[in-house]
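Please open the structure in your viewer and keep the selection tool at hand. The tour below moves from helix packing to backbone details and then to side chains.

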Amino acid sequence: MNGDGVKLIERSARDLLVAFRSPNPTPGGGSAAALAGAVGASLFSMVAGLPKSRAATGEDVERLKAAGDRCAVLATELESLVDRDSDAYNLVVAAYKKPKGSDEEKAARSAAVQDAMRAAIAAPMEVMRACAAAAEQGVVIAGLGNRSAASDLLVGMELVGAALRGAKLNVEINLGTMKDQAYVAGIREDVEEYERAIGHEAAAAFRAIETGA
């Protein structure tokens, strides 16, 4: 959000790009990852809604529609994460600016930093989760959607993959500050699972496009 209260995701595409290339630290890579994921999920939803699909049965039609609807919801979630990631960064900055003159102030500052870092980790973790979920639906759409839109589907898969990997970078850099090692271990397990999932789904989508199955 900028000084006039306008959310990043509500700006024009041109204004948002200007914000990304400004010398300000936000929006940064985390917001960019969320935006890429939102575009990818939106492409999935578009392909699912095209006529002349390969859905041959009523059940297939319902599966294709459900996958497209789910991707539309995930795209909206990723939209919100464009701003949420920047907001989390601002929380971290504010925490580090807290006074640290006395022992009490140091303790309060340390606790605030840890809380802010959790928020800064939660946002990209949500990006990873949403992208992995979108990729899963993308496989359904790859198999049942309009074959002429295969390139759109595959671009979407590349975008959600890049978004997930970009979000992972933000998670990893923030984990180094966390003191709770059990929390760190849990996050790393989730990161690995999301990475495995999207790798599997991307491969399955490519196979579906190549074989028509």
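In which hand does α2 pass α4, left-handed or right-handed? Before judging, bear in mind that this is a predicted model, and then select residues 29–49 for helix α2 together with residues 103–144 for helix α4. Looking along the pair, you will find that α2 passes α4 in a left-handed crossing. The two axes come within 10 Å and cross at roughly 20°, and because angles under 35 degrees count as roughly parallel, α2 and α4 are described as roughly parallel to each other.

Keep α2 selected and add helix α5, residues 150–175. Here the axes are 8 Å apart and the packing angle is about 155°, so that α2 and α5 are roughly antiparallel to each other. The crossing of α2 and α5 is left-handed.

Next, turn to the backbone on either side of α2. Select the loop between α1 (13–20) and α2, where Pro27 is found, and display the peptide bond that joins Thr26 and Pro27, which is cis with an omega of about 0°. Then go to the loop between α2 and α3 (58–96), which is the place of Lys52. Lys52 has a positive phi of about 60° although it is not a glycine, and Lys52 is exposed, with a relative accessible area of 74%. As background to both stops, most residues other than glycine have a negative phi, and most peptide bonds are trans.

Now show the cysteine side chains, and ask why Cys71 and Cys131 form no bond with each other. The sulfur of Cys71 is 11 Å from the closest cysteine sulfur, which belongs to Cys131, and this is too far for a bond, given that a disulfide requires sulfur atoms within 2.5 Å. Seen from the other end, the closest cysteine sulfur to that of Cys131 is the one in Cys71, again at 11 Å. Cys71 is buried, with a relative accessible area of 0%, and Cys131 likewise counts as buried at 0% relative accessibility. A search of the whole structure finds zero disulfides.

For the last stop, select Arg118 and Tyr183, and measure from the charged end of the arginine to the centre of the tyrosine ring. The charged end of Arg118 sits over the ring of Tyr183, at 4.1 Å from the ring centre. If you go on to look for pairs between aromatic rings, the structure holds zero of them.

Key: Residues are numbered from 1 along each chain as its sequence is written. This is a predicted model: local features need pLDDT of at least 70, side-chain atom pairs count only at pLDDT 80 or more; totals for chains, interfaces and linings use all residues. Side-chain values use heavy atoms; hydrogens and water are left out. Rings of Phe, Tyr and Trp (its six-membered ring) pair if their centres lie within 6.5 Å; planes under 30 degrees apart count as stacked, over 60 as edge-to-face and the rest as tilted. A charge sits over a ring if NZ of Lys or CZ of Arg is within 6 Å of the ring centre and within 35 degrees of the ring normal. Buried means under 20% relative accessible area, exposed over 50%, partly exposed in between (1.4 Å probe, protein chains only). Axes are lines fitted to C-alpha atoms, for helices over the stretch in contact, and angles run from 0 to 180 degrees between N-to-C directions. Helices (H or I, at least four residues) and strands (E, at least two) are DSSP runs, numbered from the N terminus. Angles under 35 degrees count as roughly parallel, over 145 as roughly antiparallel, 65 to 115 as roughly perpendicular and the rest as oblique. A crossing is left-handed if the near helix is turned anticlockwise from the far one by less than a right angle, and right-handed if clockwise.
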